[in-house]
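Subject: Structure for you to look over

Dear colleague,

I am handing over the structure we spoke of, with the sequence alongside. Please open both before reading on, since the notes below follow the chain through the model.

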Amino acid sequence: MFNIPGKQAVTLTPAAVAQITKLMAKGGHTGLKIGLKKGGCAGMEYTMDYVDEVSANDEVIEQDGARVLIAPTAQMFLFGTEIDYETALLESGFKFRNPNVEDACGCGESIKFKDVSELTLPE
């Protein structure tokens with residue numbers, strides 16, 4: 001839908017690939033779908049859901065056996081994003097390094113995007 005020929009909208013670190021592949025295998029799912037919804041103190045939140053079917057307008061990112069689907073309404077906001085999976089002493093989870101984010105709340109659960117005129121395309 002909003003793809004750039006020859007460029008993936010989102011990249012995955014090896015840790016994210018390993019976790020997504022593990023989650024897909026455990027539940028027998030087709031992939032992990034990423035989207036956005038209104039919410040949180042900064043205005044928007046990432047969503048992640050298991051999926052068993054690919055919708056016609058989903059952007060499909062496949063990397064080393066991991067499959068991520070990006071919801072059509074989230075595609076323009078996720079260009080250039082790197083998804084990582086981090087494990088720490090007290091928590092573990094997916095981390096989004098998104099160059100289009102202007103601000104995030106203190107807990108890291110919600111984000112605010114730059115104005116559309118400020119969004120940058122990956123080189």
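Two strands are taken to pair if DSSP finds at least two bridges between them, and with that rule 3 strands form an open sheet in the order β1-β6-β7, with mixed pairing. Please bear in mind throughout that this is a predicted model.

The edge strands of this sheet are β1 and β7, each of which pairs on one side only, and neighbouring strands are turned by 25 degrees against each other on average, direction ignored. β1 and β6 run parallel and are joined by 3 bridges; within this pairing, L12 has I83 in β6 as its bridge partner. α1 packs on the sheet, where it touches β1, β6 and β7, and its direction makes about 75 degrees with that of β6.

As for the chain as a whole, it has 2 helices and 9 strands, and from the N terminus on the elements run β-α-β-β-β-β-α-β-β-β-β. Of its 123 residues, 37% count as buried. The chain exposes about 7200 Å², of which carbon and sulfur atoms supply 52%. Among contacts with a separation of 6 or more, 53% are between residues 24 or more positions apart.

The helix α1 deserves a closer look. Its 14 residues should span 20 Å at 1.5 Å a residue, and the C-alpha atoms at its ends are indeed 20 Å apart, which agrees. The buried residues of α1 are A16, V17, Q19, I20, L23 and M24. An α-helix has 3.6 residues a turn, so residues three or four places apart point the same way. After α1 comes G28, whose phi is positive, near 70 degrees.

Turning to the interior, the largest nonpolar core holds 23 residues, and those that touch the most other members are V10, L12, I20, V68, I70, I83 and F94. At least two residues of this core come from each of β1, α1, β2, β5, α2, β6 and β7, with α1 giving the most, namely 5 residues. If you would like one residue to follow on screen, F94 touches A16, Q19, I20, L23, L32, M48, I83, D84 and Y85, leaving aside residues up to four places away in sequence.

A second pairing involves β4 and β5, which run in the antiparallel sense over 5 bridges and form a hairpin with 2 residues between them. I61 has V68 in β5 as its bridge partner. β4 itself has a covered face, made of E59, I61 and Q63, and an uncovered one, made of V60 and E62.

The loop between β4 and β5 contains D64, which has a positive phi of about 50 degrees although it is not a glycine. Most residues other than glycine have a negative phi, and it may be worth inspecting this turn by eye. D64 is exposed, with a relative accessible area of 70%, because that value lies over the 50% cut-off.

Finally, G80 is found in the loop between α2 and β6. With a relative accessible area of 34%, G80 counts as partly exposed, because the value falls between the limits of 20% and 50%. G80 and T11 are 69 residues apart in sequence, yet their C-alpha atoms are 7.5 Å apart in space.

With best wishes

Technical notes
Residues are numbered from 1 along each chain as its sequence is written. This is a predicted model: local features need pLDDT of at least 70, side-chain atom pairs count only at pLDDT 80 or more; totals for chains, interfaces and linings use all residues. Side-chain values use heavy atoms; hydrogens and water are left out. A nonpolar core is a set of buried Ala, Val, Leu, Ile, Met, Phe, Trp, Tyr and Cys residues joined through side-chain atoms within 4.5 Å. Buried means under 20% relative accessible area, exposed over 50%, partly exposed in between (1.4 Å probe, protein chains only). Helices (H or I, at least four residues) and strands (E, at least two) are DSSP runs, numbered from the N terminus. Contact means heavy atoms within 4.5 Å. The expected span of a helix is 1.5 Å times one less than its number of residues. Accessible areas come from the Shrake-Rupley method with a 1.4 Å probe; for residues, only the protein chains shown count as cover. Axes are lines fitted to C-alpha atoms, for helices over the stretch in contact, and angles run from 0 to 180 degrees between N-to-C directions.
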